[in-house]
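Visitor: I am new to this structure and would like to be taken through it step by step. Could you show it to me before we begin?

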Amino acid sequence: MEYLLFLAIIIIFLFIVFLITMRYERKIKLLNQNIQNLKEHMSEIESKVIQNRTLIEKNRANIEDISKQ
C-alpha cells in the first residue's frame, strides 16, 4: 500500500513538473519570437540611421558651399 502511495506521489510530482515546463516553454517561444521581431526592426532602423547620416553629410556640404559664396 505504501508503495502505491509513493508511486502516486511521484506521478503527481512529475505531472506538476511537466505542466510547469510546458507553461515556461510557451513563454520562451514567445520571447524568442519577440526577440526575432526586435532584430528585424533594428535592421530597419539601422538602414534609416545610415540614410539619415548621409543626408546630414549632404546638408553639411551644402551649408558649407552656401556659406563660402
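Visitor: How many aromatic pairs does the count come to?

Guide: Please keep in mind that this is a predicted model. Two rings of Phe, Tyr or Trp would pair if their centres lay within 6.5 Å, and by this rule the count comes to zero aromatic pairs.

Visitor: Which residue lies over the face of Y24?

Guide: For a charge to sit over a ring, CZ of Arg must be within 6 Å of the ring centre, and within 35 degrees of the ring normal. At 5.7 Å from the ring centre of Y24, the residue lying over the face is R23.

Visitor: How many salt bridges are there, and which residue is the partner of E25?

Guide: The count comes to two salt bridges. In one of them the closest N and O atoms are 3.9 Å apart, where the cut-off is 4 Å. Because E25 and its partner are four residues apart in helix α1, which covers residues 2-68, about one helical turn separates them. E25 counts as partly exposed at 33% relative accessibility, its partner counts as exposed at 55%, and that partner is K29.

Visitor: With which residue does R60 form a salt bridge?

Guide: R60 and its partner both lie in helix α1, three residues apart, or about one turn of the helix. The partner is partly exposed, with a relative accessible area of 48%. The closest N and O atoms of this salt bridge are 3.2 Å apart, and the partner of R60 is E57.

Visitor: Is the protein spread out or compact, and what is its radius of gyration?

Guide: The protein has one helix and zero strands. For 69 residues the globule rule gives 11 Å, and the radius of gyration is well over that value, so the protein is more spread out than a compact globule. Its C-alpha atoms fill a box of roughly 100 × 15 × 10 Å along the principal axes, and the radius of gyration is 30 Å.

Visitor: What percentage of the residues is buried?

Guide: The accessible surface of the protein comes to about 7000 Å², with 66% of it belonging to carbon and sulfur atoms. A residue is called buried under 20% relative accessible area, and of the 69 residues in the protein the buried ones make up 0%.

Visitor: What is the area of the nonpolar surface patch that includes L7?

Guide: L7 lies in helix α1 and is partly exposed, with a relative accessible area of 35%. Together with M1, Y3, L4 and I11, L7 makes a nonpolar surface patch of about 630 Å².

Terms used: Residues numbered from 1 in each chain as written. Predicted model: local features only at pLDDT ≥ 70, side-chain atom pairs only at ≥ 80, totals over all residues. Heavy atoms only, no water. Phe/Tyr/Trp six-rings, centres within 6.5 Å; stacked < 30°, edge-to-face > 60°. Salt bridge = Lys/Arg side-chain N within 4 Å of Asp/Glu carboxyl O. Helix = DSSP H or I, 4+ residues; strand = E, 2+ residues; numbered from the N terminus. Buried < 20%, exposed > 50% of the residue type's maximum accessible area, 1.4 Å probe, protein only. Rg over C-alpha atoms; globule rule 2.2 N^0.38 Å. Areas by Shrake-Rupley, 256 points an atom, 1.4 Å probe, with all protein chains shown as cover. Patch = residues over 30% accessible without salt bridge, like charges linked within 9 Å, V, L, I, M, F, W, Y side chains within 5 Å.
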